[in-house]
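Let's take a friendly walk through a protein model, looking at how its strands pair and where its charged side chains meet. Keep the picture in view as you read.

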Amino acid sequence: MEKKNFAVSGMKCVHCKARVEEAIRALDGVVSAEGNLAEASVVVEYDPTRLSPQQIKDAVDTCGRYELTL
């Protein structure tokens with residue numbers, strides 16, 4: 001397992017945080033996703049043999065007006 005912290009722009013409220021977390025958790029290979037509004041980031045624990053950071057970015061970028069930075 002790998003754990004990474006990604007910056008997410010556009011995440012400004014509890015609803016945004018939940019939407020980003022939900023989009024990431026829906027991906028195969030994700031163990032956990034925990035957003036942080038104060039830091040505008042999300043910590044993702046995932047299996048790198050089943051999922052790439054680019055796939056995480058794509059899921060976040062398409063779930064609303066958010067952009068995950070790799």
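## Salt bridges and a hairpin

R50 counts as partly exposed, at 47% relative accessibility. Before we see what this residue does, please keep in mind that the model is predicted.

What does the side chain of R50 meet in a salt bridge? The partner is D28, with 2.4 Å from N to O. This pair links distant parts of the chain: D28 sits in the loop between α1 and β2, while R50 sits in the loop between β3 and α2 (53-61), 22 residues apart. D28 itself is exposed, because its relative accessible area of 53% is over the 50% cut-off for that word.

Altogether, the structure holds seven salt bridges. Here are three of them, with the N to O distance for each pair.

| Pair | N to O distance |
|---|---|
| D28 and R50 | 2.4 Å |
| K57 and D61 | 2.7 Å |
| E21 and K17 | 3.0 Å |

Now let's turn to the pairs inside helices. K57 and D61 both belong to helix α2, where they are four residues apart, about one turn of the helix. Is K57 buried or exposed? With 15% relative accessibility, K57 counts as buried, since the cut-off for buried is under 20%. Its partner D61 has a relative accessible area of 25% and is partly exposed.

Some charged residues do not stop at one partner. Salt bridges that share partners bring K17, E21, R25 and E34 together into one network. Within this network, the closest N and O atoms of E21 and K17 are 3.0 Å apart. Why are these two separated by about one helical turn? They are four residues apart in helix α1 (residues 14-25), so about one helical turn lies between them. Both E21 and K17 are buried.

Finally, have a look at the strands. Strand β2 (residues 30-36) and strand β3 (residues 41-46) run antiparallel, and six bridges join them. One example to find in the picture is G35, whose bridge partner in β3 is V42. The hairpin of β2 and β3 has four residues between the strands. Which residue in this hairpin takes a positive phi? That residue is A40, with a phi near 50°.

To retrace your steps, you could begin with the D28 and R50 salt bridge between two loops, visit the K57 and D61 pair in helix α2, and end at the antiparallel strands β2 and β3.

Conventions:
Residues numbered from 1 in each chain as written. Predicted model: local features only at pLDDT ≥ 70, side-chain atom pairs only at ≥ 80, totals over all residues. Heavy atoms only, no water. Pairing = 2+ DSSP bridges. Salt bridge = Lys/Arg side-chain N within 4 Å of Asp/Glu carboxyl O. Buried < 20%, exposed > 50% of the residue type's maximum accessible area, 1.4 Å probe, protein only.
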